[in-house]
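Q: I would like a close look at one part of this model. Please keep the steps short.

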Amino acid sequence: MAVKKVGTARILREAGRGGMGVVYEAEQEDLDRRVAVKELTAEMMDKSGDMAERFKREGRAHALLRHQAIPVVHDLLEKNDALYLVTEFVDGVDLQNGRLRASLNGQRVDITDFTLRGGTGSSTRISGFSGN
């Protein structure tokens with residue numbers, strides 16, 4: 001992790017990696033809130049000439065959306081030849097480990113053996129959970 005701060009957000013940890021870059025969990029200390037920082041690196045921009053513009057379009061479109069299931073966009077900025085999209089941080093689905101962390105009646109639980117609905121329409125029911 002080369003960058004330690006993006007705008008007012010202090011990077012805490014890497015939360016995930018994907019086809020467009022890296023997502024970090026960060027904290028905006030002055031506002032006392034966790035945020036997600038999605039980074040499109042210079043390396044990713046070099047692979048496709050239009051990747052930077054696509055990332056900016058995604059950020060602008062995302063910022064226009066308002067729904068309880070869509071994280072709020074806080075910022076879109078450029079720093080050290082990389083682009084960053086700062087959004088509300090949602091702690092929950094970890095697809096790498098196949099676990100869903102949720103709150104059930106105020107108690108934190110880990111739910112395993114689930115499948116998210118996809119384009120195929122397939123789904124699997126949740127088969128178990130454990131309290132934390």
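Is Arg13 buried, partly exposed or exposed, and what is its relative accessibility? Please start there, then follow its salt bridge and the strands around it.

A: This is a predicted model. Start with Arg13. Its relative accessibility is 37%. Buried would need a value under 20%, and exposed a value over 50%. Arg13 therefore counts as partly exposed.

Now look for its partner. Arg13 forms a salt bridge with Glu25. The closest N and O atoms are 2.6 Å apart. Side chains of opposite charge can pair when their charged atoms come close. Arg13 sits in strand E2, which covers residues 9-18. Glu25 sits in strand E3, residues 21-28. The two parts are 12 residues apart in sequence, so the pair ties them together. Glu25 has a relative accessibility of 9%. That is under the 20% limit, so Glu25 counts as buried. The bridge thus joins a partly exposed residue to a buried one.

The whole structure holds 7 salt bridges. Another of them links the side chains of Glu14 and Arg17, at 3.0 Å from N to O. Glu14 is partly exposed, with a relative accessible area of 36%. Arg17 counts as exposed, at 63%. Glu53 and Arg60 also meet in a salt bridge, again 3.0 Å from N to O. Glu53 is partly exposed at 36% relative accessibility. Arg60 is partly exposed at 43%. Shared partners also matter here: salt bridges join Arg10, Glu27 and Glu29 into one network.

Go back to strand E3. E3 pairs with strand E4, residues 33-40, in the antiparallel sense. The pairing runs over 7 bridges. Glu27 stands opposite Arg34 in E4. The hairpin of E3 and E4 has 4 residues between the strands. There, Asp32 takes a positive phi near 50°.

Follow E4 onward. E4 also pairs with strand E6, residues 82-88. This pairing is antiparallel too, over 6 bridges. Leu40 stands opposite Leu83 in E6.

Finish at a helix. His62 is found in helix H2, residues 51-64. His62 has a relative accessible area of 16%, so it is buried. Leaving out residues up to four places away in sequence, His62 touches Ile70, Pro71, Val73, Leu85 and Thr87.

Conventions
Residues numbered from 1 in each chain as written. Predicted model: local features only at pLDDT ≥ 70, side-chain atom pairs only at ≥ 80, totals over all residues. Heavy atoms only, no water. Buried < 20%, exposed > 50% of the residue type's maximum accessible area, 1.4 Å probe, protein only. Contact = heavy atoms within 4.5 Å. Salt bridge = Lys/Arg side-chain N within 4 Å of Asp/Glu carboxyl O. Pairing = 2+ DSSP bridges.
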